[in-house]
There are 4 protein chains.
Amino acid sequence: MGIQTRQIRDRERRRQQIIAASKRVFTSKGVSRTTIKDIADEAELSPGTLYIYFKNKDELYASLSIRMLKHLQLSLQRVKETKDLSDDQRIDSVKKALLELYEIDPLMLINLSHLQASETLDNISPELYEQILDLSRRSLQTLSEIFAKGIELGSFLKRNPMQLALVLWAMFSGLVLWEESKRSLDTRKDFLKPTLEIAFEIFGRGVKPGEPVSTPAPVRAHFS
Amino acid sequence: MGIQTRQIRDRERRRQQIIAASKRVFTSKGVSRTTIKDIADEAELSPGTLYIYFKNKDELYASLSIRMLKHLQLSLQRVKETKDLSDDQRIDSVKKALLELYEIDPLMLINLSHLQASETLDNISPELYEQILDLSRRSLQTLSEIFAKGIELGSFLKRNPMQLALVLWAMFSGLVLWEESKRSLDTRKDFLKPTLEIAFEIFGRGVKPGEPVSTPAPVRAHFS
Amino acid sequence: MGIQTRQIRDRERRRQQIIAASKRVFTSKGVSRTTIKDIADEAELSPGTLYIYFKNKDELYASLSIRMLKHLQLSLQRVKETKDLSDDQRIDSVKKALLELYEIDPLMLINLSHLQASETLDNISPELYEQILDLSRRSLQTLSEIFAKGIELGSFLKRNPMQLALVLWAMFSGLVLWEESKRSLDTRKDFLKPTLEIAFEIFGRGVKPGEPVSTPAPVRAHFS
Amino acid sequence: MGIQTRQIRDRERRRQQIIAASKRVFTSKGVSRTTIKDIADEAELSPGTLYIYFKNKDELYASLSIRMLKHLQLSLQRVKETKDLSDDQRIDSVKKALLELYEIDPLMLINLSHLQASETLDNISPELYEQILDLSRRSLQTLSEIFAKGIELGSFLKRNPMQLALVLWAMFSGLVLWEESKRSLDTRKDFLKPTLEIAFEIFGRGVKPGEPVSTPAPVRAHFS
DNA sequence: GATGAATGAGCGTTCATTCAT
DNA sequence: AATGAATGAACGCTCATTCAT
């Protein structure tokens, strides 16, 4: 391994060090109350150093999401390309992909959701902005394609697949964001994971075509 | 009506004047880019005056949600108390209540969602904090009770009703927050309302008990 | 005098207070080493207050020159419009106008010269920039018109009058700037005023038409 | 040539390399907007290396003027020492020396003027400071001696020769500084050189003794 | 109660300078 | 000698909040 290789590796290591520190501080202080100095202190670096690795505060913040979006995109792509899955299995795989995302790094996921839902994408460099946009688009697109295939096969409701994708994502990120504020609202701890399970169950059931058996028809039959 | 009564009414009127101005400014400039001075200008008052009616910026910000939460709580209460509704009709009423919330003031709803999902509830006065907490809790509680009744009647899946309530709220607020960022992600405009419709359709279908008739053939065989 | 009048007067007074403090600090620390905090301290105000009266540092700096430029423009205009002055008297009036400028506020004049000679006109508001530009242009223009009239009357050398104006101004501001650095170069103090006198004398003599009688006269006499 | 000699020569070569790079960057970005990193990049060196050859930024900046001042001093010395020049020719030689200075490196001359007129001579090493001081003094001194000789011979006005020297230098540097800002004031381009010509013409005429023949009639009457 | 000028802590960011390699 | 990552003091500037009028 040459000198250059080591330098590149060191550089990447430093970036990760800063990113790790950012996560910790964002977690403990909240994103908007975190200052560059806080992160620098946590990373045991000087404020100036952060600007060697990140153009500005927004860009550092946005960088946190890139990895996660890449991971998501890859997972969904894999789900889409796997052959011989039943519809139930495919939905289940999507659920697993998203739950995994949450388990790997719940705080990052909250950041990602915030990023999408808020006004941070402002001072960001065009390149990074485009990258985030593209990754978001592609994940949704892949999810949408999974639904499109299911619809073709008659195993999903005939609805705009992109809208189905959005509904699923909204359900997921809505719950994740809720989790963040649950302390304030003193719901029990670790309510999230079981609730996500239920959310997916309901979505899975709801997206299947055909009249659910719940409705009176059979019941009346019973009485007749 | 005594002098005191009028003073109280005047005071409340002023508060509403400020709240209305805040909404307009938040709408046009975005929440995080709005300063106290902006709001004061819009309300044709001085910054100092705002501090007579609101303890600080966070408290003003939080007040915006109070009305909406009250409205929501009332609507849900009404849905819960209405007699002689089929399950489908009851879910439909909840849908209507939430859609109405969105239609009355989409931006305020985004604010509300932000408020819950983020870091504003910090400098707030204990009283206001308790009020928001209580209203949120009560809305969810009411929603949860609606589901509990349905579960009792066997018309909803036997799941923790609070979790069902959370799933529905997450789906709703997740989509609303998405709406805010959709311009960046170049989804078509006014994608939200039809998507909300689909979201409710899926939730409604998914929450019903019984094996969905996804694979029609055997099911029919069963009935024949 | 109404309340409004007093407020306007107070506001102007505050501006002058800041300007006066700026001058003092610029003088003692040098322009580029003066910080907003320095000026605020000197004016016994807080840094924030300066930004109520001046958009930014550059604008405060530029404002220092406006008055002086206005004064200059007025003086030159008066010189130009005065009737029945001999050429010598007119040049003398210009000299007096410039010397007066120096005597009223030598430091301000140095600032003005710096402003023109350097890179400060950068963050300035377009309006202020245009004002400075316009005032500079008009002063030079007036000076140039004075020369043009003299040339027409045959009492000045037939040279581009704008160039004559520039030469005079350069001589003047060059000496003023020199003055600032004279401490470093340990020339005697108060060398400037007598040197300015000589400068004007030489300019006045040099700008007159006709072969100076210095050497030629006797020589030609010799040949006749 | 010994090793030491070569080392010294190499060292000097490196210095010149840095100086040359500085000039290029100052030219393209303007002095105040140039950072050490800019210069290092242009010189294809690292910032640290610059500090091996120059004590600090001010010292590097000041070094730029040394060459020019040396050149000026030499030229003026030559003018002074040349025998058998008429007064007109001697003034003309001074003019040529200064114009040459401008033509060799107009931007460096602006720097020099700035340096003298402003606040850079501060963090400079005592040695360098003394050197600049000495060179400036000597150039002015030489110029002054040229005038002194002319005065003795009766071909120049009997004025303090150092003041005459200052007036000439002020005129020159005033015009050079003006050039820098002329774009803003939309004077025609390349106005400088012809204006410098006129400046010298006027100075040359003005510095000659005797009553100028400005108002021909009475003067001739006098001689008849 | 209403004002709005004044405050000043605190922010993100820059960049001359240092120093371990 | 050369490097360039790291430093951290210092900057200009903002804005929620206060308080004399």
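In this predicted model, helix 9 of chain A meets helix 9 of chain B through Ile202(A), Phe203(A), Arg205(A) and Gly206(A) on one side and Ile202(B), Phe203(B), Arg205(B) and Gly206(B) on the other. The two helices pack at an angle of about 100 degrees, with their axes 7 Å apart. Angles of 65 to 115 degrees count as roughly perpendicular, and helix 9 of chain A and helix 9 of chain B are therefore roughly perpendicular to each other.

Helix 9 of chain A deserves a closer look. This helix covers residues 192-206, and its 15 residues should span 21 Å at 1.5 Å a residue; the end C-alpha atoms are 20 Å apart, which agrees. Of these 15 residues, 11 are buried, so helix 9 of chain A is largely enclosed by the rest of the structure. The four residues that meet chain B, Ile202(A), Phe203(A), Arg205(A) and Gly206(A), are also found among the buried ones. The remainder of the buried set consists of Leu192(A), Thr195(A), Leu196(A), Ile198(A), Ala199(A), Phe200(A) and Gly204(A).

Stepping back to the whole of chain A, the fold contains 10 helices and 0 strands, so to speak an α-α-α-α-α-α-α-α-α-α run from the N terminus on. Buried residues account for 51% of the 224 residues in this chain. Among its contacts between residues at least 6 apart in sequence, 67% join residues at least 24 apart.One pairing within chain A involves helix 5 (residues 87-104) and helix 7 (residues 126-152), which pack at an angle of about 165 degrees with their axes 11 Å apart. These two helices of chain A are therefore roughly antiparallel to each other, and helix 5 passes helix 7 in a left-handed crossing. At this crossing, Arg90(A), Ile91(A) and Val94(A) of helix 5 meet Leu143(A), Ile146(A), Phe147(A) and Lys149(A) of helix 7.

In chain D, attention turns to helix 4 (residues 57-81) and helix 7 (residues 126-152), whose axes come within 9 Å and cross at roughly 25 degrees. Helix 4 and helix 7 of chain D are therefore roughly parallel to each other, and the crossing is left-handed. Residues of helix 4 that take part include Glu59(D), Ala62(D), Ser63(D), Ile66(D) and Leu69(D), while those of helix 7 include Leu128(D), Gln131(D), Ile132(D), Leu135(D) and Ser136(D). The 27 residues of helix 7 of chain D should span 39 Å at 1.5 Å a residue, and its end C-alpha atoms are 37 Å apart, which agrees. After helix 7 of chain D comes Gly154(D), with a positive phi near 80 degrees.

Chain B offers a view of a single residue in helix 7 (residues 126-152), namely Leu128(B). With a relative accessible area of 7%, Leu128(B) is buried. Apart from neighbours within four places in sequence, Leu128(B) is in contact with Glu59(B), Ala62(B), Ser63(B) and Ile66(B). Leu74(B) lies 54 residues away along the chain, and its C-alpha atom is separated from that of Leu128(B) by 19 Å.

Helix 5 (residues 87-104) of chain B has 18 residues and reaches 26 Å from its first C-alpha to its last, close to the 26 Å expected at 1.5 Å a residue. Its buried residues include the nonpolar core types Ile91(B), Val94(B), Ala97(B), Leu98(B), Leu99(B), Leu101(B) and Tyr102(B). Arg90(B) and Lys95(B) are buried in this helix as well.

The largest nonpolar core holds 134 residues, of which Phe172(C) and Phe172(D) touch the most other members. Leaving aside neighbours within four places in sequence, Phe172(C) is in contact with Leu98(C), Leu101(C), Tyr102(C), Leu109(C), Leu196(C) and Phe200(C). A second, separate core has 133 residues, including Val207(A), Leu50(B), Ile146(B) and Leu175(B).

Finally, the loops before helix 5 hold a backbone feature in two chains. Most residues other than glycine have a negative phi. Asp84(A), however, has a positive phi of about 55 degrees although it is not a glycine, and phi of Asp84(B) is likewise positive, near 55 degrees. Asp84(A) sits in the loop between helix 4 (57-81) and helix 5 of chain A, and Asp84(B) in the loop between helix 4 (57-81) and helix 5 of chain B. At 77% relative accessibility, Asp84(A) counts as exposed; Asp84(B), with a relative accessible area of 76%, is exposed too.

Key: Residues are numbered from 1 along each chain as its sequence is written. Chains are lettered from A and ligands numbered from 1 in the order in which they are written. This is a predicted model: local features need pLDDT of at least 70, side-chain atom pairs count only at pLDDT 80 or more; totals for chains, interfaces and linings use all residues. Side-chain values use heavy atoms; hydrogens and water are left out. A nonpolar core is a set of buried Ala, Val, Leu, Ile, Met, Phe, Trp, Tyr and Cys residues joined through side-chain atoms within 4.5 Å. Buried means under 20% relative accessible area, exposed over 50%, partly exposed in between (1.4 Å probe, protein chains only). Contact means heavy atoms within 4.5 Å. The expected span of a helix is 1.5 Å times one less than its number of residues. Axes are lines fitted to C-alpha atoms, for helices over the stretch in contact, and angles run from 0 to 180 degrees between N-to-C directions. Angles under 35 degrees count as roughly parallel, over 145 as roughly antiparallel, 65 to 115 as roughly perpendicular and the rest as oblique. A crossing is left-handed if the near helix is turned anticlockwise from the far one by less than a right angle, and right-handed if clockwise.
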